[in-house]
There are 2 protein chains.
Amino acid sequence: VSTDTWLDLPEDTHFGLHNLPYGVFDRPDVPSEPPRAGIAIGEHLLDLAPVAEALGRPEFSATLAHRSLNPLLALGRPRWTELRELITDWLTDRADRHLVEPHLIPREQIRLHLPFAPADYVDFYASEHHATTLGSLLRPGGAALLPNWKHLPVGYHGRAGTVVASGTPIVRPSGQRRPDPEQPPVFGPTTRLDLEAEVGFVVGGGPTVLGSSVPVADFREHVFGALLVNDWSARDIQGWEGQPLGPHLGKSFATSVGSWVVPLDALDAARVPPPPRDVPLLPYLRDDAEPWGLDIALEVRLNGHRISEPPFAEMYWTAPQQLAHMTVNGASLRPGDLFASGTVSGPGPYQRGSLIELTMGGQNPLKLPDGTERRFLEDGDEVRIGGSAPGPEGSRIGFGEVTGRVMLTGSD
Amino acid sequence: VSTDTWLDLPEDTHFGLHNLPYGVFDRPDVPSEPPRAGIAIGEHLLDLAPVAEALGRPEFSATLAHRSLNPLLALGRPRWTELRELITDWLTDRADRHLVEPHLIPREQIRLHLPFAPADYVDFYASEHHATTLGSLLRPGGAALLPNWKHLPVGYHGRAGTVVASGTPIVRPSGQRRPDPEQPPVFGPTTRLDLEAEVGFVVGGGPTVLGSSVPVADFREHVFGALLVNDWSARDIQGWEGQPLGPHLGKSFATSVGSWVVPLDALDAARVPPPPRDVPLLPYLRDDAEPWGLDIALEVRLNGHRISEPPFAEMYWTAPQQLAHMTVNGASLRPGDLFASGTVSGPGPYQRGSLIELTMGGQNPLKLPDGTERRFLEDGDEVRIGGSAPGPEGSRIGFGEVTGRVMLTGSD
């Protein structure tokens, strides 16, 4: 990849030529133009469809003029690679600069939308540290990790229709909870609203055939890229409802995703070996030839205060293993399917990706620099999760942020 | 509703003027015509779009010309009622008979498709008999029903992308199972493949707003109709994977749905009081003013032999309660959302809607009239689930059938 761009990029930008993450945007100052695809570059966004049109690639222009990335996701790996090379050419070839430059928009002038329409959404539980801490909190005296945990990536289906764009206000959910196990349940707004810092993966390529599966080695053919996820959770609702069929209302009220989908191609320099596995894996989960640990550094901010730096490199199960597992029963994939890692937590106390872990179930409140304390989220609280990973040549690949503010009702 | 049709309907038809269920069809003998909406009437299907066009309702013609019912679902209750009245007029008004009759197609000439594109799919667990039997099988010595079961309709999200049309071959899923709890898990085709006879409900109307909820009393405004569901299940995969986050691969390989969506309006005569509730319900689940028990009689056939007649009227939780619960946390709805009842089982041994119940976990094999025995489904087995309900004036409202045959691989 050439880095010889005619653009004046900030030296430490997370949005250099090695990144080129996709998003969907519009311009509030130009309401006649509908939302469409763009990529982040430096402090700008490149409006892709008119550039593709101007530079003789109308087929890409049509794909990128949509209000979601799904048509791009459907194209598949060879066309994704072709487009990435094209965009790099557009940003480095001085001969065409006059055709490209008019379509660079300062990012403070744009509004970002949900980047794609999620088809199915599966959430995993892939951090050993998270699963161990939660297990010890939820099953005191029992085994922290259940017997299946190291044999398969445990996961479940979430609600695709409530995956929302970064910045969408989060209405505190109401529901049943049972604070006193000797009494009947009560109804009301959750008192244990939590965040979960996660990384999600976006499926693309043609739909797969029902009855077929995707081996670990085919990961690249079926996954377009990665983005940040905050899987908001109501711990009291989840705790009461969750047996025997798992989470439902405690999770389904909202899942926020980041505005930028980072292409897999941008993450090659971030690949690291996953942690050693303690038990032998069944063949379909073996990933020695395709190690896809990813050294993504997350950071979680609550009302502006950094409260955690969860290391994605610590995840026990990797995305190719999750995809192989999800499809080993013959379940088919569609472009737009989203699967997320589950809460990212490292071994250290400052590496936990949820408040229930950071406060040990609310027992040890978090003291914020502004003098306040938090067990769980309060109305008005704003959560910002950021992430970045190493890129080639000492660069960093930014994921941007996924943000959300808690409101008591829709009209707050 | 007038029953004075110019059509020559069989006297005992389940597809009379009181039913008018919607499906999506094409004609294998006319390959140039794409799939589109129709209704079943007697032994025929009425091709709706050209009739709407011929009779001056082009807006309905456009809605009904699609290969899924989703545009119709999006219209909402007032237009659904209007269209139902129109279709009744078309089939009773002799003056227009010459414009309608050419679009009646004998049903043996048509091919039926998945009637709508499911958005999110939630499966409940609403039969007390089913939950009690499964609880006693899966937690021997423990409480058959968990403490939450009578306080809320337990449910979870399934995979919308593997909801398939009736008749789709079902490839036996492979996965992890642990037959010997002292040994590591093994991988291979499920040895405990099961059916689950269910009734599903199809959501329509405009999308609801994130953060709002749908009270029990608003059920009719948000639900278009009902259809048969077979939620295929791999009990061994489900048993090993299912803690703590619930079913995933044991269910996600396929869910078959019936070809006909019966409008809610056709089910008024089938409404019955639900079973008495043993514990007081929280206000948002109270349904005294809107009792939506439904006297739908299911029947399950295995290779042509009737093995069970599950009574839907026995379900503890009703569809309006399920919808109110699903949305009480502010989760939004989209047209095409599907929620299903969970396995329908009555109190009697011949009323159980799954093989795991009919054979008590495989302990008591089912003896079929052809001399064979079944613990779970074998390759080549064909499952047919049918259903009907009382209609007005002594009529019966048919749901048709949901069918599927088990295959070892996609190439069987």
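A residue is taken as buried when its relative accessible area is under 20%, and by this criterion 61% of the 412 residues of chain A are buried in the predicted model. The surface that chain A exposes comes to about 14,500 Å², of which carbon and sulfur atoms supply 52%.

The secondary structure of chain A consists of eleven helices and 26 strands. The radius of gyration of this chain is 21 Å, close to the 22 Å that the globule rule gives for 412 residues, and chain A is therefore as compact as a globular protein of that length. Along its principal axes, the C-alpha trace of chain A spans about 75 × 50 × 40 Å. Among the contacts in chain A with a separation of 6 or more, 73% are accounted for by residues 24 or more positions apart. With respect to charge, chain A carries 34 positive and 52 negative side chains, and the centres of these two sets lie 4 Å apart.

In chain B, attention was given to a single acidic residue, Asp26(B), which is found in strand 1, a strand that covers residues 22–26. Because its relative accessibility is 7%, Asp26(B) counts as buried. The side chain of Asp26(B) makes a polar contact with the side chain of His113(B), at 3.0 Å. When neighbours within four places in sequence are left aside, the residues in contact with Asp26(B) are Glu33(B), Pro34(B) and Pro35(B), together with Ile110(B), Arg111(B) and His113(B).

Key:
Residues numbered from 1 in each chain as written. Chains lettered and ligands numbered in written order. Predicted model: local features only at pLDDT ≥ 70, side-chain atom pairs only at ≥ 80, totals over all residues. Heavy atoms only, no water. Helix = DSSP H or I, 4+ residues; strand = E, 2+ residues; numbered from the N terminus. Rg over C-alpha atoms; globule rule 2.2 N^0.38 Å. Buried < 20%, exposed > 50% of the residue type's maximum accessible area, 1.4 Å probe, protein only. Contact = heavy atoms within 4.5 Å. Areas by Shrake-Rupley, 256 points an atom, 1.4 Å probe, with all protein chains shown as cover. Lys, Arg positive; Asp, Glu negative; His and termini not counted. Charge placed at Lys NZ, Arg CZ, Asp CG, Glu CD. Polar contact = N/O pair within 3.5 Å; in protein donor to acceptor, adjacent residues only side chain to side chain.
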